Amino acid sequence: MLPHLLLLLLFVLTIAHLVTLKICSVRLDHRTAPVFVSVWVLAGLAATAPVFADLWRDGFTFLQQHPLMLALAVGKGILLYVLLVVSQQLMQISLSSRHYVTPLAVGILSVTNALLGEQLAPGQWASALGLCALAAAFFFKGHLSDLDNRSRIHYALLVGLSVLLGSLDHALLSRGMNWCMLLGVSHVVLLLLSVILLRGQMMVWKSALFAAPAILAGLTYAATELVKFYQQVSINPVTTVVTVQASTKPVIMLLAAWVWKERTAREQLVWGVMALLVMLPLFF
């Protein structure tokens, strides 16, 4: 029962955190995102520290023995800052375009990993290349084609950042850094970078810490991360967890049409279902 409940919770949280980020992108300064994300993720890690005490101890030992891994985790925090700000800029204009960053990023990341030695079955190769083709079609025929050049540049930048972050996660986790320490280091860096870049910006800090949309977005983002990593380590297979999050795509695309009037519901549903169907072979 618990595994299924956690998967259902992850499904709901994934949708909630994307919707609340969309609301923040419309109502708040885009620079608030790194602040409320880092604050609430670190708060969640602090609250669950007694449960994951062994992970923290092992994580500190690992970093002492592998300083290069610490440098890569710091680099992830810096890239995450850029991704969050640019993501909010694109999401303000188009939720569906922001959500369609993932298919292209996953496709490119799969091909890149294969070129670096990871073995892909023929069906997985077809899925990876199909995702790239589908994203190209969305670029020219989907809601992204309605946007200006600046938004398209943001889309391309987010794809590149997502691939880099995915590569960093794979490199760090496959070499022994646990998810708890990776989240902690990257989000401490995210918060410190916000402190440095937002000195004197009291209105941004006030919105990030006390505005209702920011609180909701921060809570749902942190909850999503903790629920995702906790269950994929000890309860549910990683492929199942990733599949559940991918299955939110049709829902998000429909919401983009219904609530924010991005094309028609039928068209958005088609894009969402196609992305899900083409992506599934990569996970099995």
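# A tour of the predicted model

A search of the whole structure finds six salt bridges, a salt bridge being a side-chain nitrogen of Lys or Arg within 4 Å of a carboxyl oxygen of Asp or Glu. This is a predicted model, in which local features need pLDDT of at least 70 and side-chain atom pairs count only at pLDDT 80 or more, while totals for chains, interfaces and linings use all residues. Residues are numbered from 1 along each chain as its sequence is written, and side-chain values use heavy atoms, with hydrogens and water left out.

## Stop 1: Asp 29 and Arg 31

Select Asp 29 and Arg 31, whose side chains meet in a salt bridge of 2.9 Å, N to O. Asp 29 is partly exposed, at 33% relative accessible area. Arg 31 is partly exposed too, at 28%. In these terms, buried means under 20% relative accessible area, exposed means over 50%, and partly exposed lies in between (1.4 Å probe, protein chains only).

## Stop 2: Lys 76 and Asp 169

Next select Lys 76 and Asp 169, where another salt bridge has its N and O atoms 2.8 Å apart. Lys 76 lies in helix α4 and Asp 169 in helix α8, so this pair ties together parts that are 93 residues apart in sequence. Helices here are DSSP runs (H or I, at least four residues), numbered from the N terminus. Is Lys 76 buried or exposed? Lys 76 counts as buried, with 9% relative accessibility. Its partner Asp 169 is partly exposed, with a relative accessible area of 22%.

## Stop 3: the largest pocket

Keep Asp 169 selected and turn to the largest pocket, which has a volume of about 1,800 Å³. Of the 45 residues that line this pocket, the closest to its centre are Val 106, Gly 166, Asp 169, Lys 228 and Val 242. Colour the contributing helices next: α1 (2-27), α4 (67-93), α5 (95-99), α6, α8 (149-174), α9 (179-197), α11 (212-234) and α12 (238-246) are the elements that give two or more residues to the lining.

Which helix gives the most to the lining of the largest pocket? That helix is α11, with seven residues. By class, the lining has 22 nonpolar, 16 polar and seven charged residues. Ala, Val, Leu, Ile, Met, Phe, Trp, Tyr, Cys and Pro count as nonpolar, Asp, Glu, Lys and Arg as charged, and the others, Gly among them, as polar.

The pocket was found on a 1 Å grid over the protein atoms alone, as an open set of points where a 1.4 Å probe fits, with protein on both sides within 12 Å along at least five of seven lines; lining residues have an atom within 4 Å of a point. Grid points are joined across faces, edges and corners, and the volume is the space filled by probe spheres set on the points.

## Stop 4: a nonpolar patch

Select Leu 115, Trp 125 and Leu 129, which make a nonpolar surface patch of about 320 Å². Patch residues have over 30% relative accessible area and no salt bridge, with like charges joined within 9 Å and nonpolar side chains (Val, Leu, Ile, Met, Phe, Trp, Tyr) within 5 Å. Accessible areas come from the Shrake-Rupley method with a 1.4 Å probe, and for residues only the protein chains shown count as cover. Leu 115 belongs to helix α6, residues 101-115, and is exposed, at 68% relative accessible area.

## Stop 5: Gln 124

Select Gln 124 in helix α7, residues 122-141. Gln 124 counts as buried, at 15% relative accessibility. Add Leu 83: the two are 41 residues apart in sequence and 27 Å apart in space, C-alpha to C-alpha.

## Stop 6: the loop between α13 and α14

Move to Lys 261, in the loop between α13 (249-258) and α14 (265-279). Its phi is near 55°, a positive value in a residue other than glycine. Most residues other than glycine have a negative phi. Lys 261 is exposed, with a relative accessible area of 65%.

Arg 263 is placed in the loop between α13 and α14 as well. Arg 263, also not a glycine, has a positive phi of about 60°. Its side chain forms a salt bridge with Glu 267, with the closest N and O atoms 2.5 Å apart. Arg 263 is partly exposed, at 27% relative accessible area, and Glu 267 is partly exposed, at 23%. Add Asp 146 to the selection: salt bridges that share partners join Asp 146, Arg 263 and Glu 267 into one network.

## Stop 7: Phe 11

End at Phe 11 in helix α1, a partly exposed residue at 24% relative accessible area. Phe 11 and Ala 256 are 245 residues apart in sequence and 17 Å apart in space, C-alpha to C-alpha.
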